[in-house]
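Subject: Structure handover

Hi,

Here is the structure we talked about. Please open it alongside this note; my findings follow below.

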Amino acid sequence: MPRLVWGNAGSMGLLEIIILAVVQGITEFLPISSSGHLRAAAEILGIPGSTLTMEVAMHVGTLGAVIIYFSRDIVRIIAGLFRLAGGTRTDSGLLGLYLIMATIPVFAAGYYGQYFIDAHLRTLEIIGWMTIVFGVVLWWADRAGMTVLRLDHMTPLNAVLIGIAQVLALVPGTSRSGITITAARMLGFERTEAARFSMLLSIPTIAGAGALITLELINTGDAALSRSAIIAGILAFITALAAIALLMRWLRFAGFAPFVIYRLLMGTAILYWVYAT
């Protein structure tokens, strides 16, 4: 769920566009922080950044990927919400209600706290430490948490707690998927179920962030769709879809240890860059 202050896309080459789009697509749904990776890639590799059009394109790409992968769940949830509105309770309808409840905290925190976060919490030093700290927390939650609950066991309290945890993802390096999966594992949800709820929860979150950027883009009066934006959106879609499929398959047989190790290595590398250069 990245939100960066981008530079001039006209100074970007094809390789830089590919790097940003692929990083966005892969890291959006893996528990390793997309915003942290994009910020680190832009600064460490000297990539000047993209325009708002590029940002919208990458959001659309990743959003399209998660919608397609979970299309059956989404259809059931929407149908369940209509039935719930008509007075008929179904598991899918309740899941949709819980997703709405879990989304409210991050929308509120983003609305009231985004300026402070942009001004003070987007440094490489913070990204490095958050990458390490919440990697350790993910490891602990995955080892200590029970593995007994499925999404049918979700409660309003659980949904709100996961939603509150998602607020921490506004700080780059935390990882939206990582912190929501961590919270769900701490509450006792199975690995695949924790990841599934996290992915479904990303849909309104990414859509909301993309809508805000789109409004900002419209206000600038420069909403032309460039070839660079189309390339970025397609690459983000393809890589995000692959990342989701691989993660969900991996979690059927194993845990989050590889992602934790990666976070520790990446966070250490970022802090070395900060303190040694």
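**An exposed leucine**

At 56% relative accessibility, Leu 157 counts as exposed, since the cut-off for that label is over 50%. Leu 157 sits in helix H7, which covers residues 156-167. I also checked its separation from Gly 64. The two residues are 93 apart along the chain, and their C-alpha atoms are separated by 29 Å.

Please keep in mind that this is a predicted model. Every value here is computed from it.

**The overall fold**

The protein has 11 helices and zero strands. Read from the N terminus, its elements run α-α-α-α-α-α-α-α-α-α-α. The radius of gyration is 18 Å, close to the 19 Å from the globule rule for 277 residues, so the protein is as compact as a globular protein of that length. Along the principal axes, the C-alpha trace spans about 55 × 40 × 35 Å.

Of the 277 residues, 51% count as buried. Now take the contacts between residues at least 6 apart in sequence: 85% of them join residues at least 24 apart.

On the surface side, the protein exposes about 12,900 Å². Carbon and sulfur atoms supply 69% of that area. There are 17 positive and 14 negative charges, and their mean positions are 9 Å apart.

**Helix H10 and Thr 62**

Helix H10 takes in residues 227-250. Does its length fit? At 1.5 Å a residue, how far should its 24 residues span? The expected span is 34 Å, and the end C-alpha atoms are 34 Å apart, which agrees.

The buried residues of H10 are Ala 229, Ala 232, Gly 233, Ala 236, Thr 239, Ala 240, Ala 243, Ile 244, Leu 247 and Met 248. When you look at their spacing, one rule helps. An α-helix has 3.6 residues a turn, so residues three or four places apart point the same way.

Two of these residues lead to Thr 62. Leaving aside neighbours within four places in sequence, the contacts of Thr 62 include Ala 236 and Ala 240. Thr 62 also touches Gln 24, Gly 25, Glu 28, Phe 29 and Ile 206. Thr 62 belongs to helix H3, residues 52-69. Is Thr 62 buried or exposed? Thr 62 is buried, with a relative accessible area of 0%.

**Three serines**

Ser 33 lies in the loop between helix H1 (14-27) and helix H2 (34-44). Its phi is near 80 degrees, a positive value in a residue other than glycine. Ser 33 counts as buried, at 2% relative accessibility.

Ser 175 is in the loop between H7 and helix H8 (176-186). Phi of Ser 175 is near 85 degrees, again positive in a residue other than glycine. At 3% relative accessibility, Ser 175 counts as buried.

For background on those two angles: most residues other than glycine have a negative phi.

Ser 92 is found in helix H5, residues 91-120. Which residues does Ser 92 contact, leaving aside neighbours within four places in sequence? They are Arg 76, Ile 77 and Gly 80. I also looked at Ser 92 against Thr 268. They are 176 residues apart along the chain, with their C-alpha atoms separated by 42 Å.

Best wishes

Conventions. Residues numbered from 1 in each chain as written. Predicted model: local features only at pLDDT ≥ 70, side-chain atom pairs only at ≥ 80, totals over all residues. Heavy atoms only, no water. Helix = DSSP H or I, 4+ residues; strand = E, 2+ residues; numbered from the N terminus. Rg over C-alpha atoms; globule rule 2.2 N^0.38 Å. Buried < 20%, exposed > 50% of the residue type's maximum accessible area, 1.4 Å probe, protein only. Contact = heavy atoms within 4.5 Å. Areas by Shrake-Rupley, 256 points an atom, 1.4 Å probe, with all protein chains shown as cover. Lys, Arg positive; Asp, Glu negative; His and termini not counted. Charge placed at Lys NZ, Arg CZ, Asp CG, Glu CD. Expected span 1.5 Å × (residues − 1).
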